[in-house]
Amino acid sequence: MATDSNKFQAIIAHCKEYGFIFPSSEIYDGLAAVYDYGQWGAELKKNIKDHWWNSMTRMYENIVGIDAAIFMHPTTWKASGHVDNFSDPMIDNKDSKKRYRVDHLIEAKIEEFDNAGQKEQAEQLQQQLDQLTEASDFAGLKHLIESYKIACSVSGTVNWTDVRQFNLMFSTEFGATSDEGDNTIYLRPETAQGIFVNFLNVQKTGRMKIPFGIAQIGKAFRNEIVARQFIFRMREFEQMEMQFFIRPGTQKEWYEYWKTERLNWHLGLGIAPDQYRFHDHVKLAHYADAACDIEYNFPIGFKEVEGIHSRTDFDLRNHQEYSKKKMQYFDNDIDPATGKPYGNYIPYVIETSIGVDRTVMLVLSEAYEEQDLSTEEKKDSRVVLKFPAKLAPIKLAVLPLVKKDGLPEIAQQLMSDCRSSFKCFYEEKDTIGKRYRRMDAIGTPFCVTIDHQTKEDGTVTIRHRDSMKQERVPMSEVKNIVLLAMA
């Protein structure tokens, strides 16, 4: 698993310097694994969410969207299995008191073997990890850590506690006082349950016919003990999820269908296929009969960005049991085996779940490029973010060559013509070359320079970010050029 830690650190530094992502509460020394999106990061994030939302709810006639509340009745999480099962095996180092997720600790050793070219050892350790994890053999996992002499990164020792489970849900109190009985509720650890409890509401009010899907974008919260790797693993994050309700017995074909559809969505961002791979789960979640991840080749190696899960009828069946409300669908299509309607059943579900923040990191990793533009005459370089135009925070920068002679006024006319269609940016400070470089660093696909010739013939110079090619075009064509690139 090849990694590029220098590029990863450069991206983190670039994000802070250019207004994409900041450490949260930085003036108070920050809050671990919590980040704020700056002005351009917020635009990028919104564009990614809009692209996903439009792809799901406009391109499929049988998928609609909802926005469920973060707070849910606490029995929801009992029914979903999160109260009893939403936990990870953890281990503490007795000397440093530092806590680790067991799989992360062992995976770091596998990565060490990989980087050293010791492929056989890496594969052997991965196989042992998978087998022990599947068997929930905590004693075996501890023995594995000790036998490979996997040390704490702080103390450098292998003085470990036993492995034990740690629940990842944040709890809080609901109501004005803490003495009103059992008022403990949870910040949702996933957005899926808000869809499941609204299954019948949406199906009936939307007159939805199976198969159909419900999509949602929303915040989720997990008390990750080892939150790390910038925005890849955070305690507060956003998910873009779609639950697709199907007839029992058809889950295998729909599972394969959505694997293909979701990979095609990623490839539609213009990213090379070899940057992605599928990873089938060895140990399935308690609700799944099939599951895989779409992994992207981040600078930190191939990591999960999206999951596709065949959840069977686990969620709706459990909510029916705990709520005592029927979660069934009447299917009046004819079953060819019996010649009669399929009748009442609890639908099965295929889930697609993609992390917003991980997708932001994916897009940044793919776009970031350091270029040496030096010639024999002079040294030159630039950092450019080659965002797809539809995702770029700013689509068009409008730059008057000078701050006089009526050029700013013409530039503002172009801004007025374009700003209702896409995000524009106006700047008149510094040389045109410096302004180009700033726009490259933010990922703006087009810059238009208004000069004295514009006053004579109505043409402008448009500069293309990736090629740095400049061409003269009528100012009236600029808007359509940008819109065409965004399509």
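Two worked exercises on a predicted model follow.

**Exercise 1. The annotated coiled-coil region**

Task: Describe the chain over residues 115-142, then say how helices H6 and H7 pack.

Solution:
- Start with the record. The unreviewed UniProt entry annotates residues 115-142 as "coiled-coil region".
- Check the secondary structure. This stretch is 79% helix and 0% strand, with 24 Å between its end C-alpha atoms.
- Take the helix pair. H6 spans residues 119-134 and H7 spans residues 138-147. Their axes lie 9 Å apart, at an angle of about 160°.
- Classify the angle. Angles over 145 degrees count as roughly antiparallel, so H6 is roughly antiparallel to H7.
- Add the handedness. The crossing of H6 and H7 is left-handed.
- List the contact. H6 contributes Leu125, Gln128, Leu129, Leu132 and Thr133. H7 contributes Gly140, Leu141 and Leu144.
- Sort these residues. The contact has 5 nonpolar residues, 3 polar and no charged.

**Exercise 2. The five-stranded sheet**

Task: Give the strand order of the sheet, find its edges, and place helix H16 against the sheet.

Solution:
- Write the order. The 5 strands run S20-S19-S21-S22-S23 in an open sheet with mixed pairing.
- Find the edges. S20 (424-426) and S23 (470-474) each pair on one side only.
- Note the twist. Neighbouring strands are turned by 25° against each other on average, direction ignored.
- Inspect one pair. S21 (residues 446-450) and S22 (residues 459-464) run antiparallel and share 4 bridges. Val448 has Ile462 in S22 as its bridge partner.
- Place the helix. H16 (residues 478-486) packs on the sheet and touches S19 (396-400), S21, S22 and S23. The direction of H16 makes about 175° with that of S21.

Technical notes:
Residues numbered from 1 in each chain as written. Predicted model: local features only at pLDDT ≥ 70, side-chain atom pairs only at ≥ 80, totals over all residues. Heavy atoms only, no water. UniProt positions renumbered as here; feature names shortened; annotations may be inferred. Helix = DSSP H or I, 4+ residues; strand = E, 2+ residues; numbered from the N terminus. Axes fitted to C-alpha atoms, helices over the stretch in contact; angles between N-to-C directions. Parallel < 35°, antiparallel > 145°, perpendicular 65-115°, else oblique. Left-handed = near helix turned anticlockwise from the far one by under 90°. Contact = heavy atoms within 4.5 Å. Nonpolar A, V, L, I, M, F, W, Y, C, P; charged D, E, K, R; others polar. Pairing = 2+ DSSP bridges.
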